[in-house]
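Reader: I am new to this structure. Please teach me how to read it, feature by feature.

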Amino acid sequence: MEDILQQIEDYKKEISAAELDNADKLEAFRIRFLGAKGVVKNLMGSMKDIPAENRKSFGLILNGFKQLAEEKYEAVKELSSNGKPSSVPLVDYSLPGDPIGVGSRHPITLMRNRIVSIFQRLGFAVAEGPEIEDDWHNFTALNLDENHPARDMQDTFYLSKNPDWLLRTHTSNVQIREMEKGKLPIRIICPGRVYRNETVSARSHCFFHQVEGLYIAEEVSFADLKQTLYFFVKEMFGEDIRIRFRPSYFPFTEPSAEMDISCLLCGGEGCAVCKRTGWLEILGCGMVHPKVLENCNIDPEKYSGFAFGMGIERPALLKYGITDIRLFSENDVRFLRQFTAAN
Ligand code: DAH
């Protein structure tokens, strides 16, 4: 009896190690263990040799073993399409795979990519700069003098460790960093995050995004600036868009202007979004101030250039009909998964 029990243990090991990964192997398994001349039948036959007093316990062990073999067989058979012997693998490769969830891009990223790709087609290269900046690159080199209100603690986040360091308040710092490299001409587009110490509300946030543009070469004119921006808004908002320039003031450009586009919602008729004016302000721009060029060792007699800067949140709000800027940074997937490159 001991021999038979040892044999059963060996069979058990064989069953658990059996790799039934195709229908032929499964059928061979059935014949070996469960067939008319198989292992189970054979063991049943040895019952008569077992002493009467042990027969009951042996019967239990044998039944357990039979169940083990049957369960393994049935479980694998269920996995195969019909259980018929064939050499086709039991894995059904025609079944659809487990779907891998693809995320969606953030609406600010989508808008940034759209803006950048339009300028890239005009030959602008992407440049980036640091978000933690020094006073020179964020203010002084851009001709913002010491008493300029933008430097006020009310507007700018300064780093407590070193008051010369701050979180950049605009992407114009990248202009300076590029010009300082001393390679001309320059034709860059600079997307990035900026920070201002403002009360967070539905309309404003303490951080937001901008895209800066800069073109420096010989004989760059205001007409170049106008045509570049006109091309941009037509690509962005459609052929029917109209633009207007209003004189403005920025310390780093002279002359300076702000550019409006005809209201995307009412087409210029006047509505609540454009405050009945028919126009939406979308960017600031101008000819780079000679002092700024000098600050970066560029000869203003030889070179001229234009610059512009625009927010990304505003056009994204308009495009997607979003009414609260805080939604952009709340990481609510119900909000975020609504956006695709197509919409
Ligand atoms: N830096 C300005 C701002 O944050 C935007 C700006 C205006 C950028 C005019 C420019 C420019 O390059 O020429 O409001």
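Reader: Start with a side chain. Which backbone oxygen lies 3.2 Å from a polar atom of the side chain of Ser204?

Author: Keep in mind that this is a predicted model. To read a polar contact, look for a pair of N or O atoms within 3.5 Å. Here the partner is Thr199: its backbone oxygen lies 3.2 Å from a polar atom of the Ser204 side chain.

Reader: Where does Ser204 lie?

Author: In the loop between β5 and β6. Set aside its neighbours within four places in sequence, and Ser204 is in contact with Glu198, Thr199 and Ile325. Thr199 thus appears in the contact list and in the polar pair.

Reader: Now the sheet. What is the order of the strands in the open sheet of 7 strands?

Author: Read a sheet from one side to the other, strand by strand. The order is β1-β5-β6-β10-β9-β8-β7, and the pairing is mixed. The edge strands are β1 (125-126) and β7 (243-250), each of which pairs on one side only.

Reader: Which helix packs on the sheet?

Author: Helix α5, residues 107-121. It touches β1, β5 (186-195), β6 and β10. The direction of α5 makes about 165 degrees with that of β5.

Reader: How many bridges join β6 to β10?

Author: Count the bridges, then check the direction. β6 and β10 run antiparallel and are joined by 8 bridges. Take one pair to find your place: Gly213 stands opposite Phe308 in β10.

Reader: In what sense do β9 and β10 pair?

Author: In the antiparallel sense, over 5 bridges. Gly284 stands opposite Gly309 in β10.

Reader: Let us turn to the ligand. How many residues surround the ligand?

Author: List the shell, then pick out its closest members. There are 15 residues around the ligand, and the closest are His170, Gln175, Arg196, Gln210 and Glu212. By kind, the shell divides into 5 nonpolar, 8 polar and 2 charged residues.

Reader: Which atom of the ligand lies 3.0 Å from a polar side-chain atom of His170?

Author: A nitrogen atom of the ligand. For Gln175, a polar side-chain atom lies 3.0 Å from an oxygen atom of the ligand. Gln210 also places a polar side-chain atom 3.0 Å from a ligand oxygen.

Reader: How much of the ligand's accessible area does the protein cover?

Author: On its own, the ligand has 350 Å² of accessible area, and the protein covers 88% of that. Next, ask which elements build the shell. Those giving two or more residues are β6 (207-217), β9 (279-288) and β10 (304-311).

Reader: There is another open sheet, of 3 strands. What is its order?

Author: β2-β4-β3, with antiparallel pairing. β2 (132-134) and β3 stand at the edges with a single partner strand each, so one side of each has no neighbour in the sheet. β2 is joined to β4 (residues 162-167) by 3 bridges, and the two run antiparallel. In that pairing, Ile132 stands opposite Leu167 in β4.

Reader: Last topic: the backbone. What is the general rule for phi and for peptide bonds?

Author: Most residues other than glycine have a negative phi, and most peptide bonds are trans. Look for departures from that. Asn143 is not a glycine, but its phi is positive, about 70 degrees. Find Asn143 in the loop between α6 (135-138) and β3 (158-159).

Reader: Which residues does a cis peptide bond join, with omega about -5 degrees?

Author: Leu184 and Pro185. Pro185 has its place in the loop between α7 (173-180) and β5. The bond from Glu254 to Pro255 is cis too, with omega near -5 degrees. Pro255 lies in strand β8, residues 253-262.

Technical notes
Residues numbered from 1 in each chain as written. Predicted model: local features only at pLDDT ≥ 70, side-chain atom pairs only at ≥ 80, totals over all residues. Heavy atoms only, no water. Near = heavy atom within 4 Å. Polar contact = N/O pair within 3.5 Å; in protein donor to acceptor, adjacent residues only side chain to side chain. Areas by Shrake-Rupley, 256 points an atom, 1.4 Å probe, with all protein chains shown as cover. Helix = DSSP H or I, 4+ residues; strand = E, 2+ residues; numbered from the N terminus. Nonpolar A, V, L, I, M, F, W, Y, C, P; charged D, E, K, R; others polar. Pairing = 2+ DSSP bridges. Contact = heavy atoms within 4.5 Å. Axes fitted to C-alpha atoms, helices over the stretch in contact; angles between N-to-C directions.
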